[in-house]
Every structure is written in C-alpha cells, then in structure tokens.
Amino acid sequence: EERRLRGLGPTERLRETCNMDPTKEYVGFGNLPNQLHRKSVKKGFDFTLMVAGESGLGKSTLIDSLFVTDLYKERSIPDAMERIAKTMTITKHAVDIEERGVRIKLTIVDTPGFGDAVDNSDCWQPIVAYIDEQFERYFQDECGLNRKNIQDHRVHCLLYFLSPLGHGVRPLDLEFLRAVHEK
C-alpha cells in the first residue's frame, strides 16, 4: 500500500489517504497553479510589443498579419519633404484580442522615424527612456497601496528590424541593440 501511494502525486496521495471524492475539486496548495491559471485566463493578459527599425522594412505589415487586425488604418505614407522634417516619435496602438477564451490586451508601441535621419547619433535614446519609464511606472504602482488594478505597460517584447540592404549590420543597429539588451 505504501509503495502504491509513493507513486502517486501529492493531490492523488491526499485524496487516497483522506478518502476524498476524486470528482470534487481539491482546494489547497496542491491545486494553486491551476487556480491561478484559471483566474489569469478569466481576467486576461496585458502584452506590450515594441517594433523598431527604419521605415519601409515591413513592421506594420508584420503586425497586421500576425494579429489579423488593421492597427494602422489611419496611417499615411509621408513624401520626401515630410520625412526630412520628421523626427522619431513613439506611438501606441491598443487592441483587445480574444482567442480560445483567452483575452489579451495587446499594445503595439511603434517607433516611426527611427533611423531615418541623416544624423542618427543617439536616436535610440527616446526608446531606451520610454522602456525605463514604463518599468519605473510599474514599480511605483507595485509599491503603492492600491495594487488591484495595475495596468502593465512595460515592454514585454521588442522586435528590431534589420535592413536587408547593405553589407551587414550598421553601427546604428549595434548601438541600439547594446542599449536595450539588458532592459
């Protein structure tokens, strides 16, 4: 009997020794991961994806294809004069997606104008500052008194697009990747 019980998992062993009905759900430490999983799926997840890279590499197309949505409906393609005057900005697009009963609040952080200037020295600084700012904001919310409804705006994933043209990785790409690799 003892050898048979050793082969069982903790939940099954408890049910056997306490004569618990296996059709009833066990509530306790042994079932905590399942309970947290159900609670998280019911509540939904926040996911923030940042895309960076110079214009024309297919960032918007990939995002629209990946999530089967049209996040960039109102986007217009600037002409040459508008591109010269334009500086890098950080824009956020949010969409709620539900797949197989799991809800995800997806936030896409786009960086139009990144790497498009003639002088690209330190053009990655606003992106690094944005990432740091979001982590600091989340940390402050975690340290606060009311932690029930914290919005998670941290960047969970960063997709960096390299240009297929040219002869390898540019110095700008290396500088950017060095700046964000520990974030």
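**Close-up views of a predicted model**

Phe45 counts as partly exposed because its relative accessibility is 38%, and partly exposed covers the range between under 20% (buried) and over 50% (exposed). The model shown here and in the views below is predicted.

**View A. Phe45 belongs to a nonpolar surface patch.** Its partners in the patch are Phe47 and Ile104. Together, Phe45, Phe47 and Ile104 have about 230 Å² of accessible area. Phe45 sits in strand E1, which spans residues 45-52. With 38% relative accessibility, Phe45 passes the patch cut-off of over 30%.

**View B. Strands E2 and E3 pair in antiparallel fashion.** E2 covers residues 91-99, and E3 covers residues 102-110. Nine bridges join the two strands. One pairing to pick out is Val95, whose bridge partner in E3 is Leu106.

**View C. The turn of the E2 and E3 hairpin holds Arg100.** Two residues lie between the strands. Arg100 takes a positive phi near 50°.

**View D. The second largest pocket has a volume of about 590 Å³.** Its lining counts 21 residues. Nearest the pocket centre lie Lys43, Gly44, Phe45, Asp46 and Ile150. Phe45 thus appears both in this lining and in the surface patch of View A.

**View E. Several elements contribute to the lining of the second largest pocket.** Helix H3 (32-43), E1, E2, E3 and helix H6 (125-143) each give two or more residues. H3 gives the most, with four residues. The paired strands of View B, E2 and E3, are among the contributors.

Methods. Residues numbered from 1 in each chain as written. Predicted model: local features only at pLDDT ≥ 70, side-chain atom pairs only at ≥ 80, totals over all residues. Heavy atoms only, no water. Patch = residues over 30% accessible without salt bridge, like charges linked within 9 Å, V, L, I, M, F, W, Y side chains within 5 Å. Areas by Shrake-Rupley, 256 points an atom, 1.4 Å probe, with all protein chains shown as cover. Salt bridge = Lys/Arg side-chain N within 4 Å of Asp/Glu carboxyl O. Buried < 20%, exposed > 50% of the residue type's maximum accessible area, 1.4 Å probe, protein only. Pairing = 2+ DSSP bridges. 1 Å grid on protein atoms, 1.4 Å probe; cavity = no way out; pocket = protein on both sides within 12 Å on 5 of 7 lines; lining within 4 Å. Points joined across faces, edges and corners; volume = space filled by probe spheres on them.
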